[in-house]
Amino acid sequence: MTKRSYIDPHQMGADNAGDVARLLLLGIRIVRAESRGKSTKRLEKRADRIQAESVERWNAKYGAPDED
């Protein structure tokens with residue numbers, strides 16, 4: 001049995017503390033940009049990329065969730 005991390009990217013969006021912090025800060029920046037009427041497309045793309053890379057790392061290490 002493979003030991004799994006407590007941070008599951010399929011539920012949390014990230015698989016390590018650094019990515020969790022990046023996503024949290026990006027979320028804050030997105031909310032601030034929206035409140036100022038600014039575009040959030042670039043920030044949202046960056047957050048999506050972090051989440052996708054995190055899921056890819058997780059699946060490479062532990063396998064996709066439906067492979068259990």
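The protein chain of this predicted model has an average pLDDT of 84, and 84% of the residues score at least 70. Confidence varies among its elements: the highest mean pLDDT, 93, belongs to helix 2, and the lowest, 73, to helix 1, which comprises residues 9–12.

Helix 3 offers a convenient starting point. With 22 residues at 1.5 Å a residue, helix 3 should span 32 Å, and this agrees with the 31 Å between its end C-alpha atoms. Its buried residues are Leu43, Ala47, Ile50, Ser54, Trp58 and Tyr62. Because these residues cover an arc of only 75° around the axis, they lie on the same side of helix 3. The other side of the helix carries the exposed residues Lys41, Arg42, Lys45, Glu56 and Ala60. As for the buried residues of helix 3, they pack against helix 1 and helix 2. After the helix comes Gly63, which has a positive phi, near 90°.

Some of these buried residues also belong to a nonpolar core. The largest such core has seven residues in all: Ala14, Leu23, Leu26, Ile30, Leu43, Ala47 and Ile50. At least two residues of this core come from helix 2 (17–35), and at least two from helix 3. Leu23 illustrates how the core is connected. When its neighbours within four places in sequence are set aside, Leu23 is in contact with Gly13, Ala14, Ala47, Ile50 and Gln51.

Two further buried residues, Trp58 and Tyr62, form an aromatic pair, and the structure holds one such pair. The ring centres of Trp58 and Tyr62 are 4.5 Å apart and their planes meet at 55°, so the pair is tilted. Both residues belong to helix 3 (residues 41–62), where they are four residues apart, about one turn of the helix.

The loop between helix 2 and helix 3 contains Thr40. Is this residue buried or exposed? Thr40 counts as buried because its relative accessibility is 10%, and the cut-off for burial is under 20%. Not counting residues up to four places away in sequence, Thr40 touches Ile30, Ala33 and Glu34. Of these, Ile30 is also one of the residues of the largest nonpolar core. Leu26, another residue of that core, is 14 residues from Thr40 in sequence, and the two are 9.9 Å apart in space, C-alpha to C-alpha.

Methods: Residues numbered from 1 in each chain as written. Predicted model: local features only at pLDDT ≥ 70, side-chain atom pairs only at ≥ 80, totals over all residues. Heavy atoms only, no water. Phe/Tyr/Trp six-rings, centres within 6.5 Å; stacked < 30°, edge-to-face > 60°. Buried < 20%, exposed > 50% of the residue type's maximum accessible area, 1.4 Å probe, protein only. Core = buried A, V, L, I, M, F, W, Y, C linked by side-chain atoms within 4.5 Å. Contact = heavy atoms within 4.5 Å. pLDDT = per-residue confidence, 0-100. Expected span 1.5 Å × (residues − 1). Arc of directions from axis to C-beta.
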